Amino acid sequence: MSADAGTVVVVGLGLVGGSVARALVAGGVTVLGVDPDAATRAAAREVGIDAVEDVPALAGRPLDVVVLAVPLRAMAATAAALAPVLGERTVLTDVGSVKGPVRAAIEAAGLGTRYVGAHPMAGTERSGFAASSAELVRGARWAVTADDRTAPDALHVVLGLVTGPLGGTASVLTDTAHDAAVALVSHVPHALATTLLTQVELAGVRDVALGLAAGSFRDGTRVGRTDPRRTEAMLVENAAHVAPVLRDVARDLLALADGLEAGAPVEKFFDAPATVRAILDARDVTGAGACGSTLVVEDAAGVLALLDAGTHGRVVVGTHGTAVVLGD
């Protein structure tokens, strides 16, 4: 997807939506933003993003791609509002951190045939358009979700957008695989960071502890400082995957506490993630490796083959016609 991709509409110009919009503009794409806040719209116009107040104001405008970047709890209402104004060829995507509930909301609005899920693995503890930056999403790893009903051309558009002007790579996954994975690497870490902050809040030595806090505390609690309502919504929407992991974490921590109190050996707790440590230590920090192959995706069989590649760790690094370029 390049600068001649038509108009991309970003509905919601908060941290992630604003960052996507800024990165697309920097990549030469025509971007139209939707946000109810007048100050946000004014700030967006200053950086080359045209902006309107609400979804009905999109009627009659060219809408090639629409990116939903509203809070998870607003997805259903926003999708319903979009239904009357989208063209039959408009590609609909999103940047939500949970995919299953978003797809359900979009299908309930009758927009499922042109939907491709997307989630940039990027963010900060801050929020709002003022905190957004093209650099936040440029070069990020994205999860792009599909199933055997996904329109191949719509999938190509989203993959082209991610690997083109956004400069990223994409793991193509099912909604279920995405939601299970992000429960482990995003949602549960938010819960752990929050509970650690709570422990400090309740401690009699709170001020002393905060005065001594350094890198380990800062790194372990950064995401706990984000908008609590946003974090709450994220975990609630992905409860089916988050709750079992939290129970496993609680079990392991209780076993560690029991062992420490009893003076029993606890090395198993610290040695258990040895394989994951080795993988992380060996990972190339520059991202995807060299291009390994291409895969033609022009029908349901091609989409399923791409999903299989995603489950085996292959990432899309580019698109060419009806083919995608895979990185190792």
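## Exposure classes and the salt bridge of arginine 251

A residue is called buried when its relative accessible area is under 20%, exposed when that area is over 50%, and partly exposed in between. In this predicted model, arginine 251 has a relative accessibility of 48% and therefore counts as partly exposed. Its partner aspartate 252, with a relative accessible area of 33%, is likewise partly exposed, and the side chains of arginine 251 and aspartate 252 meet in a salt bridge with an N to O distance of 3.0 Å.

## Other salt bridges

The count of salt bridges in the model comes to 15. One of them brings together the side chains of arginine 89 and aspartate 153, at 2.8 Å from N to O. This pair links distant parts of the chain, since arginine 89 lies in the loop between α3 (75-82) and β5 whereas aspartate 153 belongs to helix α6, and the two are 64 residues apart. Arginine 89 counts as exposed, at 54% relative accessibility, while aspartate 153, with a relative accessible area of 32%, is partly exposed.

A further salt bridge is formed by aspartate 219 with arginine 218, whose closest N and O atoms are 3.9 Å apart; both aspartate 219 and arginine 218 are exposed. Elsewhere, salt bridges that share partners join Arg103, Glu107, Asp147, Arg149 and Asp175 into one network.

## The cavity and its lining

A search of the whole structure for cavities of 30 Å³ or more finds 1, and the largest cavity has a volume of about 40 Å³. The residues that line the largest cavity are Val20, Val67, Thr93, Asp94, Val95, Ala118, Trp142, Val158, Leu161 and Val162. Two elements, β5 (91-94) and α6 (152-163), give two or more residues to this lining, and of the elements it is α6 that gives the most, with 3 residues.

By class, the lining of the largest cavity comprises 8 nonpolar residues, 1 polar residue and 1 charged residue. Helix α6 thus appears in two settings, as a contributor to the cavity lining and as the helix that holds aspartate 153 of the salt bridge with arginine 89.

## Nonpolar residues at the surface

Met121, Leu184 and Val185 make a nonpolar surface patch of about 290 Å². Of these residues, valine 185 is found in helix α7, which covers residues 175-202, and it is exposed because its relative accessible area, 61%, is over the 50% cut-off.

Proline 36 lies in the loop between β2 (30-34) and α2 (38-46), and with a relative accessible area of 66% it is also exposed. The C-alpha atom of proline 36 is separated by 6.1 Å from that of aspartate 54, although the two residues are 18 residues apart along the chain.

## A buried position in helix α4

Isoleucine 106 has its place in helix α4, residues 100-108. With a relative accessible area of 1%, isoleucine 106 is under the 20% cut-off and is therefore classed as buried. Isoleucine 106 and threonine 78 are 28 residues apart in sequence, and their C-alpha atoms are 9.0 Å apart in space.

Conventions:
Residues numbered from 1 in each chain as written. Predicted model: local features only at pLDDT ≥ 70, side-chain atom pairs only at ≥ 80, totals over all residues. Heavy atoms only, no water. 1 Å grid on protein atoms, 1.4 Å probe; cavity = no way out; pocket = protein on both sides within 12 Å on 5 of 7 lines; lining within 4 Å. Points joined across faces, edges and corners; volume = space filled by probe spheres on them. Helix = DSSP H or I, 4+ residues; strand = E, 2+ residues; numbered from the N terminus. Nonpolar A, V, L, I, M, F, W, Y, C, P; charged D, E, K, R; others polar. Patch = residues over 30% accessible without salt bridge, like charges linked within 9 Å, V, L, I, M, F, W, Y side chains within 5 Å. Areas by Shrake-Rupley, 256 points an atom, 1.4 Å probe, with all protein chains shown as cover. Salt bridge = Lys/Arg side-chain N within 4 Å of Asp/Glu carboxyl O. Buried < 20%, exposed > 50% of the residue type's maximum accessible area, 1.4 Å probe, protein only.
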